[in-house]
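Got a minute to look at a protein together? Let's take some of the labels people put on structures and ask what earns them.

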Amino acid sequence: MNLPYAEPFRIKMIEEIRQSTREEREQWLKEANYNLFNLKSSQVFIDLLTDSGTGAMSDRQWGALMMGDESYAGSRSFEQLHQTVQNITGFKYLLPTHQGRAAENVLFSVLVKEGDVIPGNSHFDTTKGHIEFRKAHAIDCTIDEAFDINDLHPFKGNINLEKLEEVYKSHPGKIPFCLITITCNSSGGQPVSLENMKAVKELSDKYGVPVFFDSARFAENAYFIKKREAGQENRTIKEICKEIFSYGDGMTMSSKKDGLVNIGGFIALNNEEVFRKASNFTIIYEGFITYGGMAGRDMAALAVGLDEATEFAYLESRISQVEYLGNKLIEYGIPVQKPIGGHAVFIDSLNFLPKVDRSEYPAQTLGLEIYKEAGIRTVEIGTLLADRDPETRENRYPKLELVRLAIPRRTYTNNHMDYIAAAIKNVYERRDEIAKGYKITWEPDLLRHFTVRLEEA
């Protein structure tokens with residue numbers, strides 16, 4: 001008989017987690033102003049809030065921590081990281097930062113000014129926040145198939161070239177770069193094809209627009225290319241990654257995702273002038289250019305993590321677990337974004353909770369119900385995250401109102417996935433009883449979903 005699949009690792013250390021009662025969880029939510037970010041980790045049984053910095057490091061990474069060089073300038077750990085990034089991406093220059101949004105802050109301080117337009121594929125929240133903070137505008141050029149959860153297009157993260165060219169034609173001189181997010185988080189962890197990246201680069205070169213990558217989940221994107229794109233099946237992940245980045249002028253990275261570490265990020269570039277300007281902002285905002293907000297030990301662990309994350313066996317284990325959960329939910333009739341994404345399963349709250357008005361935040365409502373049911377913390381990728389229009393201050397209602405179940409890397413077992421699926425099935429079976437959502441009692445001017453306060457509508 002064929003042998004069943006087994007993870008390519010064994011567990012060396014565990015962390016105890018505690019289940020709570022429904023009464024406790026309802027009280028904790030009230031104290032947290034119905035914002036799942038405000039919960040204490042001790043109040044959460046299974047934490048799917050984010051896959052950012054929540055994974056488990058390998059023995060090789062823990063060993064690298066002990067070898068970290070903490071020199072202020074020119075440390076050996078920086079050289080190890082620099083060489084690894086060059087080997088994987090081909091980019092010459094490296095600026096470490098303490099995390100991905102810091103990389104955006106440094107790079108956008110060089111490139112983005114008031115009135116600019118940055119096209120791309122469904123910019124994520126911090127990206128859009130950094131753009132709008134500078135009084136510039138993000139324009140979504142994602143293909144239409146991305147917004148039909150039942151469409152099985154294999155590369156729903158792709159950029160629509162006609163939409164992109166229309167932006168280029170209508171905003172001459174106002175476009176500092178085009179941003180390709182891999183994988184595309186906001187549309188459901190969906191990948192971008194090599195064919196599309198190459199076409200975006202060719203079109204952008206025609207109009208003199210640089211291309212940058214938001215690369216937080218670039219290795220997962222490379223896995224999907226290997227599995228789904230014709231002619232790529234016999235290439236290694238590292239070979240595919242090298243070609244991906246050949247279609248860009250630079251990248252930002254949240255290393256807390258496909259770097260397999262708990263903190264860190266970086267900017268990688270080929271343009272020396274941009275590198276020099278960004279170096280000044282790195283010193284102002286982060287630290288010296290060879291550590292940029294990271295300890296030497298963390299850079300050492302990141303160098304190992306990037307190497308491990310770009311190996312097929314690891315990626316197959318990681319993405320297969322996400323797919324396992326997604327297929328369980330589909331089996332139970334739960335409406336989810338299909339195909340299943342790389343780092344998370346995304347539930348369509350509009351189909352799940354049709355009685356909750358959009359003005360009462362159905363995705364947030366569903367996330368709260370899942371927590372009440374089983375102590376599982378998720379995150380809303382919907383109207384709260386979309387924020388308000390910076391000019392009209394009206395809610396922006398995205399095409400999809402999603403609840404994201406982000407799976408930490410090398411952290412939970414498939415028994416946990418079964419528990420998650422059963423809990424969501426229980427909520428789905430009582431969905432007709434959920435007719436009211438929540439209203440905002442306080443919110444900040446920007447990136448409100450992190451700190452917003454809510455009450456029952």
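Q: What makes Lys 238 partly exposed?
A: Lys 238 has a relative accessible area of 24%. Buried means under 20%, exposed means over 50%, and partly exposed is in between, worked out with a 1.4 Å probe on protein chains only. With its 24%, Lys 238 is therefore partly exposed. Before we go on: this is a predicted model, where local features need pLDDT of at least 70, side-chain atom pairs count only at pLDDT 80 or more, and totals for chains, interfaces and linings use all residues. Residues are numbered from 1 along each chain as its sequence is written, and side-chain values use heavy atoms, with hydrogens and water left out.

Q: Why is the contact of Glu 311 with Lys 238 called a salt bridge?
A: The label needs a side-chain nitrogen of Lys or Arg within 4 Å of a carboxyl oxygen of Asp or Glu. For Glu 311 and Lys 238 the closest N and O atoms are 2.7 Å apart, so the pair fits the rule. This pair links distant parts of the chain: Glu 311 is in the loop between α11 (296-309) and α12, Lys 238 is in helix α9 (residues 237-246), and they are 73 residues apart. Those element names come from DSSP runs, numbered from the N terminus: helices are H or I with at least four residues, strands are E with at least two.

Q: What is Glu 311 called: buried, partly exposed or exposed?
A: Its relative accessible area is 41%, so Glu 311 is partly exposed.

Q: What about Glu 272, and where is it?
A: Glu 272 sits in helix α10 (residues 272-285). Its relative accessible area is 40%, so Glu 272 is partly exposed as well.

Q: How many salt bridges does the rule find?
A: The count comes to 37. One of them joins Arg 318 to Asp 51, with the closest N and O atoms 3.8 Å apart. Arg 318 is in helix α12 and Asp 51 is in the loop between β1 and α2, 267 residues apart, so this pair links distant parts of the chain. Both Arg 318 and Asp 51 are buried.

Q: How do you know that Glu 132 and Arg 396 form a salt bridge?
A: Their closest N and O atoms are 2.8 Å apart. Glu 132 belongs to helix α5, and Arg 396 to the loop between α15 and β12 (402-406), 264 residues apart. Glu 132 is buried, and so is Arg 396.

Q: Which residues are linked in a network of salt bridges?
A: Arg 22, Glu 26, Glu 369, Lys 372, Glu 373 and Arg 430 are linked that way.

Q: Why is helix α14 said to be largely enclosed by the rest of the structure?
A: Twelve of the 13 residues of α14 are buried, so the label fits. Among them are Pro 362, Leu 366, Ile 370 and Tyr 371. Helix α14 (residues 362-374) reaches 19 Å from its first C-alpha to its last, close to the 18 Å expected. That expected span is 1.5 Å times one less than the number of residues.

Q: What makes α4 mostly covered?
A: Ten of the twelve residues of α4 are buried, including Ala 102, Val 106 and Phe 108.

Q: How do you know that the largest pocket lies between domain 1 and domain 2?
A: Domain 1 (22-51 + 312-456) and domain 2 (59-310) both give residues to its lining, so the largest pocket lies between them. Those bounds come from an automatic or database domain assignment. A pocket, on a 1 Å grid over the protein atoms alone, is an open set of points where a 1.4 Å probe fits, with protein on both sides within 12 Å along at least five of seven lines; lining residues have an atom within 4 Å of a point. The largest pocket is lined by 48 residues, and α12 gives the most, with seven.

Q: What is the volume of the largest pocket?
A: About 1800 Å³, where volume is the space filled by probe spheres set on the points, joined across faces, edges and corners.
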